[in-house]
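Student: Could you take me closely through the backbone of this model, looking at the places where its geometry departs from what one usually expects?

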Amino acid sequence: MTKLLSIYIVLENIKSGRLHWNQQVAISPEIAKMSRNPKLTNVPLSANRTYTVRELYQAALITSANAAVSALGNAVSGSPHQFINKMRSTARQLHLNSAHIVTASGITNGQAGKLGYSSVAKNDENTMSATDVARLSQLLLKQYPEILQTTSQSKAWFDKGGHDQTLMNSWNMMLKGESQYDPALPVDGLKTGTSTAAGGNFVGTVKRNNGDRIITVVMHARNKKTGDPARFIQTRHLMNWVYASYQPVRLTAQTFQLSNIKVPMGKSLTAETTVAKPTTVWIGRHQNRNQFRSKVLIAKNHREENGLKAPVAANTTVGQVQLSLAGKPISQIDQTGTLKLPIKTINDINQANWLVRTWRYFWSLF
C-alpha cells in the first residue's frame, strides 16, 4: 500500500508540470531485471525501450507492478535513493509520522537488489500505521480524485500490441465482476498490499447511493495463499458497520450558523458566522445535529478584548469553532482532540461611530 505515497508524488509532479502523462520513461537494467522476476512483479519491462508515464502509472495501481512504480520514481527524482528521500520528505510534509520508507514499491530491501541499500538489513521493509494510510488515502482522493478512474478498473492492457503486451488483473476482488463484489458496496479503489510480514492488507473506498465517500483500512488479514479473500471479507464487514453505525451531517452556511459572536465595538453587538467551507461530520446513527456544542476561538488578528474586532467584511475567515457532540470530542483522522473548523462572517460587520465606541469603552472600565 506504500505505492500510494509514490503515486501521490507522481500526481503532484504531473499537476505541477514537471512530469507529463505521455512522457517516455527509460527502463534501467536493474528495473528490467526486477520486472522479469515473477515473485516481485507481473508486468515485464524491457531495458531497451521506453514506456509512457501513464502506462507505468496504470500498471502500478491496477496490478501493483513493483518495477513500474520504481521506474516512475526514477522519472521523478533521477535515481532510486533520491526518490526514497523524496518519499520520506513528502511523508513528513503530510504528517505521516509513522512512515518508514525503504523502497518505492514496498518490497523488502533485499528484494530490491541493486535498487536497495547496502547498509540496510535485507528484510527491512516499508511500514506505516493504519491511521497514516487512511490519512494518505484521504489526501489522494481529495486532491487527485481522478485516481479512481484507474483503481476502479479490474482489467486493462499494458503495452497493447507491443513486445511486452500484458493483460493486467487487479488484485482488488471487491471490484465489479470480481469474486468479492457486492452491489450494495460499489467499491472503486483503492489499493491492496501483501507481504510475508504484513499479511493481507487493503485500503478500500466506496461511495454508496451517491452519498458521502468512506475509506477503510484492513491490515494483517489472513493470507494463506494467493487469492485469499480474508482482507475483502473484513473490509465488507467494516464498511457495513460504518454505514449501520454512523451518519454524515453536512455543515453549510444554510445548515450551521453561530449567531452569538460578540462584537464590542460593532454597529451591532453580535455577528453571525458559519463554517468557512462546507464540511461533513460523521456522527452516530442515534445522534443528531442538535447535540453539537460550539466554542468559538477568534483568531488573534481579528480579536479584541471580549470579542471580534470591527469592521470585518462578509466571507472573512475570523477564527475557528471547536465542536463537540453530546459533551464528547468528535474524532477526526487528521486532527487530535476536539474537532476544530474554520469559520467565516456571513455579512459585513460595521464599526459603531466614534461616539458610541467611546461610550462603550468608558463603561468597560467599570
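Tutor: In this predicted model, A326 sits in the loop between β15 and β16, and its phi is positive, at about 55°, although A326 is not a glycine. Such a value deserves attention because most residues other than glycine have a negative phi, just as most peptide bonds are trans. With a relative accessible area of 44%, A326 is partly exposed, since exposed would require over 50%.

H95 also has a positive phi, near 60°, and is likewise a residue other than glycine; H95 belongs to the loop between α5 (80-93) and α6 (130-143). Here the relative accessibility is 52%, so H95 counts as exposed, the cut-off being over 50%.

Turning from phi to omega, there is a cis peptide bond between A310 and P311, with omega about 0°, and P311 is placed in the loop between β14 (307-308) and β15 (317-325). A cis bond also leads from G189 to L190, where omega is near 20°, and L190 lies within a strand, β5, which covers residues 187-195.

Returning to the stretch that follows A326, the loop between β15 and β16 is where that residue is found, and the loop between β16 (328-329) and β17 (339-345) holds S331. S331 is exposed, with a relative accessible area of 68%, and from S331 to T150 the C-alpha to C-alpha distance is 31 Å, the two being 181 residues apart in sequence.

How values were computed:
Residues are numbered from 1 along each chain as its sequence is written. This is a predicted model: local features need pLDDT of at least 70, side-chain atom pairs count only at pLDDT 80 or more; totals for chains, interfaces and linings use all residues. Side-chain values use heavy atoms; hydrogens and water are left out. Helices (H or I, at least four residues) and strands (E, at least two) are DSSP runs, numbered from the N terminus. Buried means under 20% relative accessible area, exposed over 50%, partly exposed in between (1.4 Å probe, protein chains only).
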